Each structure stands twice: as structure tokens, then as C-alpha cells.
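Got your viewer open? Let's take a walk through this one together, a stop at a time.

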Amino acid sequence: MDLVRNKYHYSKINIVAHSMGNLEVASCIKLNAGKKNFPQIDHLVAMAGQL
């Protein structure tokens, strides 16, 4: 995420995830939520999966 954030200078994101992507998103959020430079997640749409 840092490479894209540094190139495009965003601080907030929206995430749409489907199926196994939900697990990856949840894992990414869990591992990075405490980091100061991790972007704020405005909306998270989880389709066909559980968080």
C-alpha cells in the first residue's frame, strides 16, 4: 500500500472484496491498523464472505 499511496498521495480508501479477498483484506487491516501511515478506510464492502 505504501508504494501506491506515495505515488498517488491518498489518505482514505474504499475497499470492495469478494470471497477469499475478504480474508486478505481483514488480514491486511489487522496487521496494519496501528500504523500511522496506513490509509483510513471509509467504506468496506464484503461480498460472498465473512469477516
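Which residues are exposed on the other side of α2, away from its buried ones? Select M20, E24, K30 and L31: those are the exposed ones there. Before going further, keep in mind that what you're looking at is a predicted model.

**Stop one: the whole chain**

Zoom out first. You should be able to pick out two helices and two strands, and if you follow the sequence along, they come in the order α-β-α-β. Taken along the principal axes, the C-alpha atoms fill a box of roughly 30 × 20 × 15 Å. Of the 51 residues in the chain, 18% are buried.

Now colour by confidence. The mean pLDDT of the chain is 86, and 90% of the residues reach 70 or more. Where is confidence lowest, and where is it highest? The low end is helix α1, residues 2-8, with a mean of 75; the high end is strand β2, residues 40-47, at 93. A word of caution while you have those colours on: where pLDDT is low, predicted coordinates shouldn't be read in detail.

**Stop two: helix α1**

Select residues 2-8 to bring up α1. Two residues to click on here are L3 and V4. L3 has 76% relative accessibility, so it counts as exposed. V4 comes out as partly exposed, because its relative accessible area is 42%.

Add Y8 to your selection and show the surface. Together L3, V4 and Y8 make a nonpolar surface patch of about 370 Å².

While V4 is still selected, try a distance. Pick its C-alpha and that of P39: the two residues are 35 apart along the chain, and the atoms are separated by 11 Å.

**Stop three: two loops with a twist in common**

Move on to H9, in the loop between α1 and β1, the strand at residues 12-18. What is its phi, given that it isn't a glycine? It's positive, about 55°. Show the surface again and you'll find H9 exposed, since its relative accessibility is 66%.

Next, jump to S19, in the loop between β1 and α2. S19 isn't a glycine either, and its phi is positive too, at about 55°. Here the relative accessibility is 35%, so S19 counts as partly exposed.

**Stop four: helix α2**

Select residues 20-32 for α2, which has 13 residues. From the first C-alpha to the last, α2 reaches 19 Å, close to the 18 Å expected at 1.5 Å a residue.

Which residues of this helix are buried? Select N22, V25 and N32. Now turn the view until you're looking down the axis of α2: the buried residues fall within an arc of 120°, so they line one face of the helix. If you want the background, an α-helix has 3.6 residues a turn, so residues three or four places apart point the same way.

Swing round to the other side and you're back with M20, E24, K30 and L31, the exposed residues from the opening question. Click on K30 in particular: it's exposed because its relative accessible area is 74%, and the cut-off for exposed is over 50%. Draw a line from the C-alpha of K30 to that of L3, and you'll get 19 Å between residues that sit 27 apart in sequence.

**Stop five: strand β2**

Last, select residues 40-47, the strand with the highest mean confidence in the chain. Two residues to click here are D42 and L44.

Is D42 buried or partly exposed? D42 has 37% relative accessibility, so it counts as partly exposed. L44 counts as partly exposed as well, because its relative accessibility is 34%.

Finish with two distances. How far is L44 from A17, C-alpha to C-alpha? They're 7.8 Å apart in space, with their positions 27 residues apart in sequence. Then try D42 and N6, which are 36 residues apart in sequence: their C-alpha atoms are 19 Å apart.

Notes. Residues numbered from 1 in each chain as written. Predicted model: local features only at pLDDT ≥ 70, side-chain atom pairs only at ≥ 80, totals over all residues. Heavy atoms only, no water. pLDDT = per-residue confidence, 0-100. Helix = DSSP H or I, 4+ residues; strand = E, 2+ residues; numbered from the N terminus. Patch = residues over 30% accessible without salt bridge, like charges linked within 9 Å, V, L, I, M, F, W, Y side chains within 5 Å. Areas by Shrake-Rupley, 256 points an atom, 1.4 Å probe, with all protein chains shown as cover. Salt bridge = Lys/Arg side-chain N within 4 Å of Asp/Glu carboxyl O. Buried < 20%, exposed > 50% of the residue type's maximum accessible area, 1.4 Å probe, protein only. Expected span 1.5 Å × (residues − 1). Arc of directions from axis to C-beta.
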